Amino acid sequence: MIAPLSIPISALEHWAYCPRQCALIHVEQAWEEDGNTARGRVAHERVDAGSATTRAGVREVRSLPLFHDDLGLHGIADLVEFGDGWIQPVEYKIGAVDGSRAASVQLAAQALCIESMFSIRVNTAALYSVSQSRRVPVEIDDGLRQAVATITAEVRACLEQLSLPTAPDDARCKRCSLNAMCMPSVTARTKALRNAEFALFDVA
Ligand code: SF4
C-alpha cells in the first residue's frame with residue numbers, strides 16, 4: 001500500500017484560517033513576512049532555543065518532532081509537557097489566542113500525534129499568548145478530532161492536485177500577511193466575472 005502524502009501540521013492551521021492561504025504557502029511556496037509573522041518567528045525561536053527542563057514535577061520538552069503514520073501528519077511541537085500520567089502540547093502564538101479555531105485545530109493535530117506516538121489519551125492542550133503572557137486551555141474534544149481528519153484530507157487533496165482555492169475576500173484578508181501577494185479583491189472579482197460570463201454563455 002502506498003503511504004499517504006504526509007501533511008505538515010502547520011498546513012492544517014493555514015487551511016482552517018483560509019484554504020487559499022494554505023495553498024499559497026504549501027503549493028506555491030509563497031511567504032510574506034510582516035510585523036506579526038516576524039514577532040511570531042522570534043517567539044518560536046526563543047521557545048525552540050530552550051532545552052528540556054523539569055518544573056514542579058512536569059517535564060517540559062521543547063521542539064519535539066511529531067508524526068502520525070495513519071493520518072499522515074508530521075510537525076514540531078513548540079512545547080510538550082509530560083506530567084504524571086498525562087501529556088499535553090503547548091503552542092506559542094504572538095497575539096491573542098482566545099477562540100482561535102485554526103490554532104485549536106493545529107493543537108488537536110499535535111495531540112493526535114502524541115496519542116499515536118506515546119499510546120496515551122490527550123484530553124487537554126494549551127495555547128500561550130506571548131504578547132499577553134497568558135495561557136488558554138483547549139479541550140481536545142470530538143469536534144476538533146473530526147476537524148483534524150477532515151482538514152487533513154482536504155489539504156492532502158489540495159496539495160496532490162496543486163489547486164489554488166478562490167479568495168474569500170472577507171475580514172480574514174485584512175490580517176493576512178499574504179494579502180499583497182494574494183490580491184483577494186482582484187482574484188475574487190475575476191472569479192465572479194468569469195462565473196457571470198459562463199452564465200451568459202449558458203443562457204445564450
Ligand atoms: S489575503 Fe485573504 S484570501 Fe488571500 S490568502 Fe490571505 S486570507 Fe486568504
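**Close-up 1. Glu91 and Lys93 in a salt bridge.** Let's start with Glu91, a buried residue whose relative accessible area is 3%. As everywhere in these views, the model is a predicted one. The side chain of Glu91 meets that of Lys93 in a salt bridge, with 3.3 Å from N to O. Lys93 is buried as well, at a relative accessible area of 14%. Glu13 belongs to the picture too: salt bridges that share partners join Glu13, Glu91 and Lys93 into one network.

**Close-up 2. Glu60 and its partners Arg55 and Arg62.** Here, take Glu60 as your starting point. Is Glu60 buried or exposed? Its relative accessible area is 5%, and buried means under 20%, so Glu60 is buried. One partner of Glu60 is Arg55, and their side chains meet in a salt bridge of 2.9 Å from N to O. Arg55 itself is exposed, with a relative accessible area of 56%. Glu60 also forms a salt bridge with Arg62, where the closest N and O atoms are 3.5 Å apart. Arg62 has a relative accessibility of 23% and counts as partly exposed. If you would like to look for others, a search of the whole structure finds eight salt bridges.

**Close-up 3. The ligand and the residues around it.** Now we turn to the ligand, which sits in the largest cavity. Which residues are around the ligand? From the earlier part of the chain, look for Cys18, Arg20, Gln21 and Leu24; then find Ala167, Pro168, Cys173, Cys176, Asn179, Cys182 and Pro184. Sorted by class, this shell has eight nonpolar residues, two polar ones and one charged one.

**Close-up 4. Helices and domains that build the ligand's shell.** This view keeps the ligand in place and asks which parts of the chain surround it. Two helices, H2 (19-26) and H7 (179-182), each supply at least two residues of the shell. Helix H2 gives the largest share, three residues. Where does the ligand lie with respect to domain 1 and domain 2? Domain 1 covers 7-165 and domain 2 covers 166-204; both give residues to the shell, so the ligand lies between them. To follow this on the structure, you can trace Leu24 and Cys182, which are among the residues around the ligand.

Note on methods:
Residues numbered from 1 in each chain as written. Predicted model: local features only at pLDDT ≥ 70, side-chain atom pairs only at ≥ 80, totals over all residues. Heavy atoms only, no water. Near = heavy atom within 4 Å. 1 Å grid on protein atoms, 1.4 Å probe; cavity = no way out; pocket = protein on both sides within 12 Å on 5 of 7 lines; lining within 4 Å. Sits in = over half its atoms within 2 Å of the grid points. Helix = DSSP H or I, 4+ residues; strand = E, 2+ residues; numbered from the N terminus. Nonpolar A, V, L, I, M, F, W, Y, C, P; charged D, E, K, R; others polar. Domains from an automatic or database assignment. Salt bridge = Lys/Arg side-chain N within 4 Å of Asp/Glu carboxyl O. Buried < 20%, exposed > 50% of the residue type's maximum accessible area, 1.4 Å probe, protein only.
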